[in-house]
Amino acid sequence: MAADARCQHVYIGAVMPVSDNDIRRKRLLFRSWHRGTREADLILGSFAEANLTGSDETGLNKFETLLNVPDADLFDWITGRTAPPPEYDTDVTRLLLAFRYRPGST
């Protein structure tokens, strides 16, 4: 396998480049849907589907940082019980807190 095969996808005989950020988005999307609790899966997975496509590398970094936060802390932030600590108070966190999950929209 060629060294650059990781960044290529064969589709109907044509080779199409796949960026590292596209691969990263897919991994983050998978992690968002596989948190461990169904509630977190629904909120973070739906949020990721709605927002990751347009995210640049900085946004992806911030979202990945959020994925490392325990579900209980995220739920406290989302429900308004506590505010995110300053190190997590980013534009991506505020976008997540403003996001509203709508059943059946995924």
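Begin by selecting helices α3 and α5 in this predicted model, and look at where their axes come within 9 Å and cross at roughly 65°. Followed from one helix to the other, the crossing of α3 past α5 is right-handed. To see what makes the contact, show the side chains of Gly59, Lys62, Phe63 and Leu66 on α3, together with those of Asp91, Val92, Thr93 and Leu96 on α5. Coloured by class, this contact of α3 with α5 contains four nonpolar, two polar and two charged residues.

Keep α5 selected, which spans residues 91-98, and pick out Val92, Thr93 and Leu96, the buried residues of this helix. Viewed around the helix axis, they cover an arc of only 100°, which puts them on the same side of α5. Now add α2 (38-51), α3 (57-67) and α4 (71-79) to the display, since these are the helices against which the buried residues of α5 pack.

Move next to α4, where Asp71, Leu74 and Trp77 are buried. If you look down the axis of α4, these buried residues fall within an arc of 125°, so they line one face of the helix. Leave the neighbouring helices visible here as well, as α2, α3 and α5 are included in what covers the buried residues of α4. Just after the end of α4, stop at glycine 80, which takes a positive phi of about 85°.

From glycine 80, turn to the charged side chains. Side chains of opposite charge can pair when their charged atoms come close. The structure holds seven salt bridges, and the remaining stops visit some of them.

Select arginine 81 and aspartate 76, which form a salt bridge whose closest N and O atoms are 3.3 Å apart. The two partners differ in their surroundings: arginine 81 counts as exposed, at 65% relative accessibility, whereas aspartate 76 counts as partly exposed, at 22%.

Then go to helix α1 and select aspartate 22 and arginine 25, a salt-bridged pair with the closest N and O atoms 3.1 Å apart. Both residues belong to α1 (residues 20-33), and because they are three residues apart in this helix, about one helical turn separates them. Is arginine 25 buried or exposed? With a relative accessible area of 16%, arginine 25 is buried, while its partner aspartate 22 counts as partly exposed at 35% relative accessibility.

For the last stop, stay on α1 but bring α3 back into view, and select arginine 31 and glutamate 64, which form a salt bridge with their closest N and O atoms 3.5 Å apart. Glutamate 64 lies in helix α3 and arginine 31 in helix α1, so this pair ties together parts that are 33 residues apart in sequence. Glutamate 64 is partly exposed, with a relative accessible area of 27%, and arginine 31 likewise counts as partly exposed, at 31% relative accessibility. Finally, add Arg24 to the selection, and the display will then show the three residues Arg24, Arg31 and Glu64, which are linked in a network of salt bridges.

How values were computed: Residues numbered from 1 in each chain as written. Predicted model: local features only at pLDDT ≥ 70, side-chain atom pairs only at ≥ 80, totals over all residues. Heavy atoms only, no water. Buried < 20%, exposed > 50% of the residue type's maximum accessible area, 1.4 Å probe, protein only. Helix = DSSP H or I, 4+ residues; strand = E, 2+ residues; numbered from the N terminus. Arc of directions from axis to C-beta. Contact = heavy atoms within 4.5 Å. Salt bridge = Lys/Arg side-chain N within 4 Å of Asp/Glu carboxyl O. Axes fitted to C-alpha atoms, helices over the stretch in contact; angles between N-to-C directions. Left-handed = near helix turned anticlockwise from the far one by under 90°. Nonpolar A, V, L, I, M, F, W, Y, C, P; charged D, E, K, R; others polar.
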